[in-house]
Amino acid sequence: MKKFLILSSCIVCSLLLLSGVQAQQLRIPSRFFRLHSTWYEKISANPSINPRSQEIMNYLNSFTASLSKTYSSFSHPIFYAQSDTPIVTVTGVGPAAIALGWNKVPIPDEARPAGYGLSGYHDGHLIVISADRKYAWEMYQANRISGTQWTAAILRKWDLENSDGLSTPYDFLGAVRLCPAPLLHGLVTYEEMQRGYIDHAMAVTAHTQANPYWAPYPGEKSVGGSDQVRPDSGIVACMRIQLDPSVNIDSLNLSPGGKAVAKALQEYGMIVTDGASKSDFDIYFESMDFRPDGVRWGGQLPDLSNIPKDKLRIVDSPLPPFTGHESEYNPTRVSAKQQIDLIEWNPFDIVRTRGTVPAGTMGTVLGRPVMAGGIEWWFVEFDPAAGHDHTWVLASQLMMVSGKPYNAQIPNPPSSLVVEVSGGVGGVGSP
């Protein structure tokens with residue numbers, strides 16, 4: 001009898017363990033992207049502090065009551081597809097998303113965008129993760145018309161297994177937020193609050209600078225600011241904010257969840273990903289208003305008001321370890337062998353020219369070569385001193401001077417494309 005009880009207990013424990021593993025496989029607590037990136041990199045003991053940190057933070061703190069959180073209509077819900085989830089064709093998205101097949105999405109029937117059914121304007125964000133957990137689709141202004149009909153203003157697909165989720169300067173394929181980073185980067189999940197620690201930089205929304213600017217690393221892209229007029233002393237998207245490590249977290253009268261956030265703020269910081277009104281300075285927590293298992297935040301949401309704003313500072317984002325980021329250390333330099341047309345946007349759509357680059361102009365290769373219409377194209381940023389910027393260039397028009405092509409993760413071009421350049425170079429075809 002005792003042996004039977006022991007055996008029964010072992011079976012029950014095994015079943016519980018198995019169900020726990022299966023449950024864990026259904027939801028991923030934090031590291032959605034398998035490749036390491038600066039979002040998972042701890043800030044060094046002696047980081048490089050932005051020279052305008054004090055000025056910018058004083059400006060931000062002058063109208064922001066305290067650090068807070070957003071977790072409902074303006075946050076991001078995550079839904080997980082199963083092997084039998086039907087594929088939905090999402091309409092209303094851009095031509096690049098259609099050409100790349102991103103608009104074919106396995107959307108669970110229970111999925112709803114943030115703010116669904118509520119009046120007033122909402123971002124309507126939605127995240128869907130594939131059944132094998134290898135891909136994620138993110139949408140802006142998503143709308144569920146029916147279980148088989150969805151629309152979205154912007155749709156982006158991410159490779160969770162072979163990408164670090166960092167946008168690069170040549171990536172004109174759309175972003176669903178101001179800082180061109182996935183919604184999954186920096187999102188605090190329910191599971192993280194349950195386990196009691198956060199092992200990545202967090203995403204935060206703030207009253208960003210008014211004028212368009214080139215976002216700093218890890219954004220590295222031209223972005224627009226807020227639509228509200230004010231001095232350009234405001235913070236800009238993609239800046240990283242850290243809580244001074246000298247602050248004693250135990251003295252701040254925080255809940256266990258609040259301490260987890262404060263510790264993450266000291267170790268990883270938070271990256272500004274979206275613009276907001278003056279009153280908003282909010283870290284993104286997963287939106288769970290429509291989570292199908294019925295779990296809600298409840299008492300798990302921490303009060304962050306006791307985190308001292310005057311101890312926040314702007315630091316440079318640390319570069320990840322030297323793995324697959326050769327261009328940051330040894331960029332490929334090229335020279336124009338002849339006069340080159342500056343191509344508007346990218347070869348994923350019909351393109352136009354906007355001037356020329358003189359022969360002999362130096363530039364840096366920002367993307368690995370792509371084949372389109374039987375022609376090899378490189379994406380090059382010509383030296384700012386020459387008065388030019390980035391463009392797609394025929395490989396035959398370039399002479400390599402140093403380095404090697406940037407080994408970055410970029411999507412394959414669509415099955416067909418049209419390239420129009422002055423002089424008649426280009427064509428239609430399959431890569």
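# Exercises on a predicted model

The structure holds five aromatic pairs. Here rings of Phe, Tyr and Trp (its six-membered ring) pair if their centres lie within 6.5 Å; planes under 30 degrees apart count as stacked, over 60 as edge-to-face and the rest as tilted. The model is predicted: local features need pLDDT of at least 70, side-chain atom pairs count only at pLDDT 80 or more, and totals for chains, interfaces and linings use all residues. Residues are numbered from 1 along each chain as its sequence is written, and side-chain values use heavy atoms, with hydrogens and water left out.

## Exercise 1: aromatic pairs

Task: Classify the pair of Phe33 and Trp158, and state what the pair ties together.

Solution.

Step 1. The ring centres of Phe33 and Trp158 are 6.3 Å apart and the planes make 80°, which is edge-to-face.

Step 2. Phe33 lies in the loop between helix H1 (2-26) and helix H2 (53-61), while Trp158 belongs to strand S9, so the pair ties together parts that are 125 residues apart in sequence. Helices (H or I, at least four residues) and strands (E, at least two) are DSSP runs, numbered from the N terminus.

Step 3. Both Phe33 and Trp158 are buried. Buried means under 20% relative accessible area, exposed over 50%, partly exposed in between (1.4 Å probe, protein chains only).

Step 4. For Tyr190 and Trp297, the centres are 5.5 Å apart and the planes stand at 65°, so this pair is edge-to-face. Tyr190 lies in helix H4 and Trp297 in the loop between strand S15 (282-284) and strand S16 (312-315), so the pair ties together parts that are 107 residues apart in sequence.

Step 5. Tyr190 and Trp297 are buried, and together with Phe285 they form one aromatic cluster.

## Exercise 2: the sheet of four strands

Task: Give the strand order of the open sheet of four strands and find its edges.

Solution.

Step 1. The order is S2-S5-S6-S9, with mixed pairing. Two strands pair if DSSP finds at least two bridges between them.

Step 2. Strand S2 (78-80) and strand S9 (154-159) are the edge strands, each pairing on one side only.

Step 3. From one strand to the next, the twist averages 20°. Axes are lines fitted to C-alpha atoms, for helices over the stretch in contact, and angles run from 0 to 180 degrees between N-to-C directions.

Step 4. Strands S5 (residues 126-129) and S6 (residues 135-140) run antiparallel and are joined by four bridges. Val128 stands opposite Trp137 in S6.

## Exercise 3: His125

Task: Is His125 buried or exposed, and which side chain does its own side chain meet in a polar contact?

Solution.

Step 1. His125 sits in the loop between strand S4 (104-106) and S5.

Step 2. The relative accessible area of His125 is 1%, so this residue is buried.

Step 3. The side chains of His125 and His76 are joined by a polar contact of 3.1 Å. A polar contact is a pair of N or O atoms within 3.5 Å; within protein, one must be able to donate a hydrogen and the other to accept it, and residues adjacent in sequence count only if both atoms are side-chain atoms.

Step 4. Not counting residues up to four places away in sequence, His125 touches several residues, among them Ser75, Pro113, Met139 and Leu183. Contact means heavy atoms within 4.5 Å.

## Exercise 4: the sheet of six strands

Task: Describe the open sheet of six strands and the helices H2 and H5 that meet its strands.

Solution.

Step 1. The order is S1-S15-S10-S14-S13-S16, with mixed pairing. Strand S1 (68-70) and S16 each have a single partner strand, so one side of each is left without a neighbour in the sheet.

Step 2. The twist averages 45° from one strand to the next. S10 and strand S14 (residues 270-275) run parallel, joined by five bridges, and Ala203 has Ile271 in S14 as its bridge partner.

Step 3. H2 packs on the sheet by touching S10, S13 and S16, and its direction makes about 130° with that of S16. Helix H5 (residues 256-267) lies across S10, S13, S14 and S15, at about 120° to S13.

Step 4. Ile241 is in strand S13 and, at 0% relative accessibility, counts as buried. Ile241 touches residues including Met57, Leu265 and Ile314.
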